[in-house]
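Please open the model in a viewer and keep the selection panel at hand. The tour proceeds from the whole chain to individual spans and residues.

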Amino acid sequence: MLDLNITLLFQLVNFFVAVFVLNILLIRPIRDIIKKRNDVIDGMAGEADNFESEAAQRLSAYEEELARARQAAGLARKEGRAGGAAEQQKIVGAAQQSARGILDEARRTVQAEAEATLKDLRARTAAVSAQLVDRLLKG
């Protein structure tokens with residue numbers, strides 16, 4: 001059973017003094033440390049959010065720049081192909097014209113040689129015919 005006497009009063013005073021001293025020496029500094037740590041964590045979380053949003057913006061800008069670069073590369077490729085095709089047509093046309101010139105020159109040369117050969121053969125034929133006529137008549 002609880003005795004209500006002066007000892008209880010001393011014990012209560014002793015308890016409150018102990019709580020007061022513990023509050024000053026332990027509880028208040030620990031509470032301050034916890035509060036500072038929470039402030040630091042909140043600050044770091046805010047900073048992390050800022051970094052995350054900045055990273056998202058940079059990623060978006062990078063993707064937009066990449067899309068523009070791909071589009072520019074596609075246009076350059078198309079222009080290169082069109083230029084290449086035009087250059088190919090030009091080279092093929094020049095080669096065909098050169099081939100026609102070479103072919104015409106070859107035909108003229110062959111025709112001239114054929115005419116010269118035919119003229120030579122006619123002359124030989126006349127000479128051979130004259131020799132044959134001479135042999136037949138003589139003999």
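The stops below give a selection and then describe what is found there.

**Whole chain.** Begin with the entire chain, bearing in mind that the model is predicted. Colouring by secondary structure shows one helix and zero strands. The radius of gyration is 57 Å, whereas the globule rule gives 14 Å for 139 residues, so the chain is more spread out than a compact globule. Aligned to its principal axes, the set of C-alpha atoms occupies a box of roughly 185 × 30 × 25 Å.

**Surface and charge.** Now display the accessible surface, which amounts to about 12,800 Å². Carbon and sulfur atoms account for 62% of that area. How much of the chain is buried? Buried residues make up 0% of the 139 residues. Next, select the charged side chains: 20 are positive and 19 are negative, and the centres of these two sets are 13 Å apart.

**Residues 6–27.** Select this span next; the unreviewed UniProt entry annotates it as "transmembrane region". The span is 100% helix and 0% strand, with 29 Å between its end C-alpha atoms.

**Phe15 and Phe16.** Show the side chains of these two residues. A search of the whole structure returns one aromatic pair, and Phe15 and Phe16 form it in an edge-to-face arrangement. Their ring centres are 5.6 Å apart, and the planes make an angle of 65 degrees. The angle is over 60 degrees, which is why the pair counts as edge-to-face. Is Phe16 buried or exposed? Phe16 has a relative accessible area of 54% and is therefore exposed, the cut-off being over 50%.

**Residues 52–79.** Move on to the span that the unreviewed UniProt entry lists as "coiled-coil region". Here the end C-alpha atoms are separated by 40 Å, and the span is 100% helix and 0% strand.

**Asp120 and Asp42.** Finally, select Asp120, which belongs to helix α1 (residues 6–138). Asp120 has a relative accessibility of 36% and so counts as partly exposed. Add Asp42 to the selection and draw a C-alpha to C-alpha distance: the two residues are 113 Å apart in space and 78 residues apart in sequence.

Terms used:
Residues are numbered from 1 along each chain as its sequence is written. This is a predicted model: local features need pLDDT of at least 70, side-chain atom pairs count only at pLDDT 80 or more; totals for chains, interfaces and linings use all residues. Side-chain values use heavy atoms; hydrogens and water are left out. UniProt positions are given in the numbering used here, feature names are shortened, and annotations may be inferred rather than shown by experiment. Helices (H or I, at least four residues) and strands (E, at least two) are DSSP runs, numbered from the N terminus. Rings of Phe, Tyr and Trp (its six-membered ring) pair if their centres lie within 6.5 Å; planes under 30 degrees apart count as stacked, over 60 as edge-to-face and the rest as tilted. Buried means under 20% relative accessible area, exposed over 50%, partly exposed in between (1.4 Å probe, protein chains only). The radius of gyration is taken over C-alpha atoms; the globule rule is 2.2 Å times the number of residues to the power 0.38. Accessible areas come from the Shrake-Rupley method with a 1.4 Å probe; for residues, only the protein chains shown count as cover. Lys and Arg count as positive and Asp and Glu as negative; His and the chain ends are not counted. The place of a charge is taken as NZ of Lys, CZ of Arg, CG of Asp or CD of Glu.
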